[in-house]
Amino acid sequence: MRGLAAFFLALFFLGASQALALRIRDLNVAPYRDYLLIYAYLEDLPWEDLKEALRHGLGLTFNFKIEVYRVRRLLRDEKFFEENIARTVYYDPVKNIYYVQTVGALESPRRATSPRQALMLAANLEGVPLFPLVRLKPGVRYRLKVRAEVRKITRVGWPKKIIRFLLFKGDTLESSWATLSFSL
């Protein structure tokens, strides 16, 4: 009986992170000037858990994996484009400001006054340029696939590992692939 209780307890702690899943909604692409822009929003974020992580000094990373395939009739689809957009969210307790930084971007981090505003900035792909339109051929069908992952940035030290284990059930939340077919 004791072994069965330990089994269910272990199953709870191992499976708790998989119970929470993200969804991508309003996936769309649009041409603007010379670039193809992507629009997507993350839904079903565990707001309280993420706010608690930021308040305890843990950073958050939002990774968006974007793939574009050229659809072919008789052959397997050809991967045309692949990109990974990463955004980090962290809190400065001295200034009482949240920062959202797009990794690799030349712009300075965006500031937010509340954790909800910072998480919304990180979770939205609104008008992000993917590639120049001249790379697309008219009349050819393309498939866009997007997947999101939210990960808590933790330190290596033992106190942080203990806090992470006790307070946060899982470090990574993932979405399933969202797809969209389009052509010029």
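At 22% relative accessibility, D49 counts as partly exposed, and in this predicted model the residue takes part in a salt bridge with K152, in which the closest N and O atoms are 3.0 Å apart. The pair links distant parts of the chain, since D49 belongs to helix α2 (residues 47–55) whereas K152 belongs to strand β8 (residues 141–153), the two being 103 residues apart. K152 itself is buried, its relative accessible area being 6%, so that a buried lysine is here joined to a partly exposed aspartate.

A further salt bridge is formed between E67 and K79, with a separation of 3.6 Å between the closest N and O atoms. Because E67 lies in strand β3 (residues 59–70) and K79 in strand β4 (residues 78–92), this pair ties together parts that are 12 residues apart in sequence. E67 is buried, with a relative accessible area of 5%, while K79, at 40% relative accessibility, counts as partly exposed.

Salt bridges that share partners also join R23, R25, D26, E43 and D44 into one network. Within this group, the side chains of R25 and D26 meet in a salt bridge with an N to O distance of 2.7 Å. R25 is partly exposed, at 34% relative accessibility, and D26 is likewise partly exposed, with a relative accessible area of 47%. Over the whole structure, the search finds 15 salt bridges, among them the pairs R25 and D26, K152 and D49, and E67 and K79.

Terms used
Residues numbered from 1 in each chain as written. Predicted model: local features only at pLDDT ≥ 70, side-chain atom pairs only at ≥ 80, totals over all residues. Heavy atoms only, no water. Salt bridge = Lys/Arg side-chain N within 4 Å of Asp/Glu carboxyl O. Buried < 20%, exposed > 50% of the residue type's maximum accessible area, 1.4 Å probe, protein only. Helix = DSSP H or I, 4+ residues; strand = E, 2+ residues; numbered from the N terminus.
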